[in-house]
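Thanks for coming. I will go through one structure today, starting with its contacts to DNA and then turning to the contact between its two protein chains.

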There are 2 protein chains.
Amino acid sequence: MADDDLVFKALADPSRRFLLDLLFARDGRTLTELESELAMTRFGVAKHLKVLEEAGLVVTRRSGREKLHFLNPVPIRQIHDRWIDKYTERHVTALLDLKNALEEEP
Amino acid sequence: MADDDLVFKALADPSRRFLLDLLFARDGRTLTELESELAMTRFGVAKHLKVLEEAGLVVTRRSGREKLHFLNPVPIRQIHDRWIDKYTERHVTALLDLKNALEEEP
DNA sequence: AAGTTATGAGACCAATAGGTCACATGTCAA
DNA sequence: TTGACATGTGACCTATTGGTCTCATAACTT
């Protein structure tokens with residue numbers, strides 16, 4: 001399977017995106033720790049983490065019998081750069097900054 | 001279906017990503033024009049464009065019997081901002097700029 | 001060494017998605 | 001107004017995917 005296909009397929013599932021959210025909030029967690037946050041069996045979570053790892057969205061490091069999971073932002077940035085050039089980026093960020101400002105302070 | 005789910009599901013298919021690539025290169029094309037670039041029937045392409053439009057990745061404008069398609073970068077930027085904070089963004093862009101420079105000039 | 005803890009591999013089933021086709025509507029041009 | 005052009009709808013089949021379970025390996029603790 002193509003490299004980018006693995007990334008987009010991995011992002012297509014809400015449980016996997018939630019796992020990325022958890023790792024974005026705090027890195028270096030184990031499977032058991034992440035499992036406790038999902039309404040799913042350990043096997044399901046392990047399967048999702050494997051998909052994320054094979055896509056390069058999550059990188060891991062073993063520490064004894066534990067496996068620590070870290071978020072890798074590179075593939076996300078590459079998605080961005082594929083369809084947003086430097087010129088458009090200025091407009092879009094300005095637009096979204098304005099939107100966020102309006103939503104926070106009505 | 002949740003808003004972000006529509007976006008990620010839409011991006012999960014390679015044909016739809018190719019359609020976004022085509023629109024990124026040149027906006028405002030019709031279904032018939034896009035169809036000629038894909039090895040697929042018109043119905044397949046129309047279905048994909050509908051998915052992209054419902055996700056907000058493509059916006060359309062009617063002109064007589066034709067329907068013109070445009071790329072909308074906002075959802076893409078929102079994916080970026082979900083998992084890359086301002087601090088990390090500096091590191092990742094620097095890294096990818098370096099990578100691109102090395103690949104272009106060996 | 002023995003028990004407990006952390007993770008891994010593969011079979012299996014139900015639900016979903018990609019692609020094609022038959023059929024249909026609306027628009028332009030002569 | 002008649003024919004060609006551009007797009008839309010819903011049924012249908014097949015392949016893929018999410019989730020659970022059984023079985024199994026490896027590492028820490030006492």
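Helices in what follows are DSSP runs of H or I with at least four residues, and strands are runs of E with at least two, both numbered from the N terminus. This is a predicted model, in which local features need pLDDT of at least 70 and side-chain atom pairs count only at pLDDT 80 or more, while totals for chains, interfaces and linings use all residues. Residues are numbered from 1 along each chain as its sequence is written, chains are lettered from A and ligands numbered from 1 in the order in which they are written, and side-chain values use heavy atoms, with hydrogens and water left out.

I take DNA strand D to begin with. A residue is near a strand if one of its heavy atoms lies within 4 Å of it. There are 21 residues around DNA strand D, and A:R16, A:M40, A:K47, A:H48 and B:T32 come nearest. Of the strand D atoms that come within 4 Å of the protein, sugar and phosphate account for 60%.

Which elements each supply at least two residues of the surface near DNA strand D? They are α2 (14-25) and α4 of chain A, together with α3 (31-35) and α4 of chain B. The most comes from α4(A), with four residues. For composition, Ala, Val, Leu, Ile, Met, Phe, Trp, Tyr, Cys and Pro count as nonpolar, Asp, Glu, Lys and Arg as charged, and the others, Gly among them, as polar. By that scheme the surface near strand D has four nonpolar, seven polar and 10 charged residues.

Now some individual atom pairs. A polar contact is a pair of N or O atoms within 3.5 Å; within protein, one must be able to donate a hydrogen and the other to accept it, and residues adjacent in sequence count only if both atoms are side-chain atoms. On strand D, one phosphate oxygen lies 2.9 Å from a polar side-chain atom of B:K67. For A:T41, a polar side-chain atom is 3.0 Å from a phosphate oxygen of strand D. B:L31 uses its backbone instead, with a polar atom there 3.2 Å from a phosphate oxygen of DNA strand D.

Next, DNA strand C. Here 22 residues surround the strand, and A:T32, A:R42, B:R16, B:K47 and B:H48 come nearest. Of the strand C atoms within 4 Å of the protein, 61% belong to sugar or phosphate, and the rest to bases. A:T32 has a polar side-chain atom 2.3 Å from a phosphate oxygen of strand C. For B:T41 the distance from a polar side-chain atom to a phosphate oxygen of DNA strand C is 3.0 Å. A base is involved at A:R42, where an N or O atom of the side chain is 3.2 Å from a base oxygen of strand C.

The surface near strand C draws at least two residues from each of α3 (31-35), α4 (42-54) and β2 (66-71) of chain A, and from each of α2 and α4 (42-54) of chain B. On this surface α4(B) gives the most, with four residues. The residues divide into four nonpolar, seven polar and 11 charged.

That leaves the protein-protein contact. With contact meaning heavy atoms within 4.5 Å, chain B gives 31 residues and chain A gives 31 residues. Buried area is the accessible area (1.4 Å probe) that two parts lose on being put together, summed over both. For chains B and A it is about 2900 Å², with 67% of it on carbon and sulfur atoms. On the chain B side, B:R17, B:R77 and B:W83 lose the most area to chain A, together 25% of what that side buries.

A salt bridge is a side-chain nitrogen of Lys or Arg within 4 Å of a carboxyl oxygen of Asp or Glu. Over all chains the structure holds 26 salt bridges, and the count between chain B and chain A is eight. One of the pairs is B:D4 with A:R17, where the closest N and O atoms are 3.5 Å apart. B:D4 lies in helix α1 of chain B and A:R17 in helix α2 of chain A, so the pair joins two chains. B:R82 and A:D21 also meet in a salt bridge, at 2.7 Å from N to O. Between chain B and chain A there are 12 residue pairs in polar contact.
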